[in-house]
Amino acid sequence: MTNLTLVSRNRSFGGWQFVYRHYSAVLNCEMNFGVYLPPQAEKQPCPTLYWLSGLTCTEQNFINKAGSQQFAAEYGLIVVAPDTSPRGCNIPGEDDSWDLGTGAGFYLNATQMPWAKHYRMYDYVVSELPEVISANFSVVPGVQGIFGHSMGGYGAIAIALKNPGMFKSVSAFAPIVNPCQVPWGQKAFQNYLGDNQSDWLAYDPIHLVKSAQERLPILIDQGDADQFLGEQLQPDVFAQACAEVNYPISLRKQAGYDHSYYFIASFMGDHFAHHAAALTKG
Ligand SMILES: N[C@@H](CCC(=O)N[C@@H](CSC=O)C(=O)NCC(=O)O)C(=O)O
């Protein structure tokens, strides 16, 4: 185990839920991540599924609330859940609001001061973390999926669209799929990327899907009682953009569900089935 410090480990569904800490050279700080190893990992390499959490989360929200371990054990998937931002970097204003700075890294590479030295969650998720995982755990090389919630659902979709061939499956719960037009996205992009809105398009799923290089089917679950649906999420706008370019998307509206992990846990099994169909076939 190179360069990883064990924070916690708990037996779960015949496997182990671990939390590790490591120094991230990309983010210039210490980072935690959760990694669940299913029982199958004791005998053979397993595919990997990356989870990206939403605003205000650490690695703990997902591993404690989503109920993922039972499905990871059923399908034999390693599940990796990073933190959502650098922490404790002494950046002015990093803790001033819950939707910018700490807990709100937005899975992009910031170009603006004072964020640019640390806020590079895109490179962390796309490059550094997968290298750490493959160096320390027995993964099937190149067989990985990605999913997430809200800010993390946006991150999963944007990262999959920007990296054709890297993932075999993608899905999201209540993703922020129209970030250039909604307050959460505009605040993050303006602060991290600057005032030039053409620079924002590099992370905009609506823009990215129009030039997508592959047709990886996207599963999205969205609660119709989600308090953020109209103002911050706008999945119908993304579905329309997908329809215009014949991009395969399954947008499921779930009656009565809100934005919480009660919603996420309710459909976690469906998302694992979606990913396992692509990651464990053959
Ligand atoms: N503090 C906010 C609500 C913050 C919130 O709902 N965060 C979501 C993600 S929102 C989009 O990225 C979340 O996952 N929270 C963690 C949890 O365990 O529920 C407010 O007061 O409105």
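Here a colleague and a modeller talk through a predicted model.

Colleague: Happy to look at this with you! Let's start with the sheet: what is the order of its strands?

Modeller: Gladly. The open sheet has 9 strands in the order 1-2-3-5-4-6-7-8-9, and the pairing is mixed.

Colleague: Why are strand 1 and strand 9 said to stand at the edges?

Modeller: Strand 1 (5-12) and strand 9 (249-254) each have a single partner strand, so one side of each is left without a neighbour in the sheet. From one strand to the next, the twist averages 20 degrees.

Colleague: How do you know that strand 4 and strand 5 are paired?

Modeller: A pair needs at least two bridges. Strand 4 (residues 46-52) and strand 5 (residues 78-82) are joined by 3 bridges, so the requirement of at least two is met. The two strands run parallel, and Tyr50 stands opposite Val80 in strand 5.

Colleague: Which strands does helix 9 lie across?

Modeller: Helix 9 (residues 261-279) lies across strand 4, strand 5, strand 6 (139-149), strand 7 (169-173), strand 8 and strand 9. Its direction makes an angle of about 170 degrees with strand 7. Helix 8 (residues 235-244) lies across strand 8 (218-223) and strand 9, at about 155 degrees to strand 9.

Colleague: Now the ligand, my favourite part. What makes the approach of Lys65 a polar contact?

Modeller: The cut-off is a pair of N or O atoms within 3.5 Å. An N or O atom in the side chain of Lys65 is 2.6 Å from an oxygen atom of the ligand, so the pair qualifies. The side chain of Asn61 also places an N or O atom 2.8 Å from a ligand oxygen. For Leu55, a backbone N or O atom lies 2.8 Å from an oxygen atom of the ligand.

Colleague: How much of the ligand does the protein cover?

Modeller: On its own the ligand has 550 Å² of accessible area, and the protein covers 72% of that. There are 14 residues around the ligand, and Leu55, Asn61, Lys65, Ser150 and Met151 come nearest.

Colleague: One last residue, then. Why is Ala188 called buried?

Modeller: Buried means under 20% relative accessible area. Ala188 has 0%, so the label applies. Ala188 is found in helix 5 (residues 183-193). Leaving out residues up to four places away in sequence, Ala188 touches Leu100, Phe106 and Leu193.

Colleague: And how far is Ala188 from Asn3?

Modeller: In sequence, Ala188 and Asn3 are 185 residues apart; in space, they are 31 Å apart from C-alpha to C-alpha.

Terms used:
Residues are numbered from 1 along each chain as its sequence is written. This is a predicted model: local features need pLDDT of at least 70, side-chain atom pairs count only at pLDDT 80 or more; totals for chains, interfaces and linings use all residues. Side-chain values use heavy atoms; hydrogens and water are left out. Helices (H or I, at least four residues) and strands (E, at least two) are DSSP runs, numbered from the N terminus. Axes are lines fitted to C-alpha atoms, for helices over the stretch in contact, and angles run from 0 to 180 degrees between N-to-C directions. Contact means heavy atoms within 4.5 Å. A residue is near a molecule or strand if one of its heavy atoms lies within 4 Å of it. A polar contact is a pair of N or O atoms within 3.5 Å; within protein, one must be able to donate a hydrogen and the other to accept it, and residues adjacent in sequence count only if both atoms are side-chain atoms. Accessible areas come from the Shrake-Rupley method with a 1.4 Å probe; for residues, only the protein chains shown count as cover. Buried means under 20% relative accessible area, exposed over 50%, partly exposed in between (1.4 Å probe, protein chains only).
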